[in-house]
Amino acid sequence: MQDAELAARAQAGDREAFGELVTRYAAQARRVARTILGDPDDADDAAHDGFLAALRFLGRYDPSRPFGPWLLRIVANAATDRRRRRTVRRTEVLSPVAASHDAGPAQETDRRAFVTALERALAALPERQRLAVVLFDVEGYSHREIAQMLDVPEGTVRSDVFHARRALRGKLTAWADWKE
Amino acid sequence: MHDDTAFDHRPDAQLGDALRAVLSASGDAAFVGRVMADVGEPSAWWEVLGLWVRPGLAAALFLSAAAGFWLGNAVRGSDSLIALDEALIAGTGNGTMTAFASTTRPPDVDVLFASNEND
């Protein structure tokens, strides 16, 4: 069943239809929220809020357009709101400050070290660049869809993806030989 | 990761996989369960009706009180006592008779005698 049909049923009160949408987009929504917030628990709270907000606003969804970008925009807004509200607490996994004081990737050789370095490199990027590269390279959305989600021109998205990729690749040069 | 231009319009699968590994968390099923728990079960009609009983009763009481107050004012207004001196001053001859004829209440005797004394 298509997303638009599920959305229509969910709006009419079909709980199972909404559950199917949540199941389909849970992983994406959690990743997008984590891209903004860093902390996995905060990200889950934001994604949770985003899904409930989407349910309330289903009447505003245009079924002629893809559901994913519409939903992820709501989730991203929920995450941004949460980031603005929250006070500094517990260590953030994706802290930009930590990224700037990285101990040097050459000393670590295992995969976990690679993941840690990538986390930090990602955290060092401006939020919009993080979102752009994650939505493009991880979630597979087009520049146009990302532009609609982030409410910026398509050229800005292309530029953000470019800069984010260059920064990530630059910081991960030491792991150039790391291949799966 | 690709070494070609970062302006490549195609997703970088290798970078995407690496970022996915960083950002993905386990427990998608638990997350879905948590969201759906807050969505709640659809309510039966009598449960919905039950939720509206108190506000409905309060609204009905308020409307009844407002209607009673308005009706009381309207009745008092139409049956109010007409002072004879006002009727005599307001009109001459026919006006006085009209005032007498249009009221259902008797004239105030004191006012009537006072008016005659003045004449």
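The paragraphs below go through a predicted model, beginning with chain B, then turning to its contact with chain A and ending with a pair of helices in chain A.

Chain B is built from helices, its secondary structure coming to 6 helices and 0 strands, so that a reader who follows the chain from the N terminus on meets the elements in the order α-α-α-α-α-α. Of the 119 residues in this chain, 11% count as buried.

Where the two chains touch, chain A contributes 34 residues and chain B contributes 25 residues. On the side of chain A that touches chain B, the elements giving two or more residues are α2 (15-37), α3 (40-56), α6 (111-123), α7 (127-138) and α9 (154-171) of chain A, and it is α2(A) that gives the most, with 11 residues. Sorted by class, this side of chain A has 16 nonpolar, 6 polar and 12 charged residues.

One of the elements just named, α7(A), also packs within its own chain. Two packed helices are described by the angle between their axes and the distance between the axes. The axes of α7(A) and helix α8 (residues 143-150) of chain A come within 10 Å and cross at roughly 140 degrees; angles over 145 degrees would count as roughly antiparallel, and α7(A) and α8(A) are therefore oblique to each other. The crossing in which α7(A) passes α8(A) is right-handed. On the side of α7(A), the residues that meet α8(A) are R128(A), L131(A), A132(A), L135(A) and F136(A), while α8(A) brings I146(A), M149(A) and L150(A) to the contact. By class, this contact has 7 nonpolar residues, no polar ones and 1 charged residue.

Note on methods
Residues are numbered from 1 along each chain as its sequence is written. Chains are lettered from A and ligands numbered from 1 in the order in which they are written. This is a predicted model: local features need pLDDT of at least 70, side-chain atom pairs count only at pLDDT 80 or more; totals for chains, interfaces and linings use all residues. Helices (H or I, at least four residues) and strands (E, at least two) are DSSP runs, numbered from the N terminus. A residue is buried if 20 or more other C-beta atoms lie within 10 Å of its own, exposed if 12 or fewer, and partly exposed in between; C-beta atoms are placed from the backbone. Two residues are in contact if their C-beta atoms, placed from the backbone, lie within 7 Å. Ala, Val, Leu, Ile, Met, Phe, Trp, Tyr, Cys and Pro count as nonpolar, Asp, Glu, Lys and Arg as charged, and the others, Gly among them, as polar. Axes are lines fitted to C-alpha atoms, for helices over the stretch in contact, and angles run from 0 to 180 degrees between N-to-C directions. Angles under 35 degrees count as roughly parallel, over 145 as roughly antiparallel, 65 to 115 as roughly perpendicular and the rest as oblique. A crossing is left-handed if the near helix is turned anticlockwise from the far one by less than a right angle, and right-handed if clockwise.
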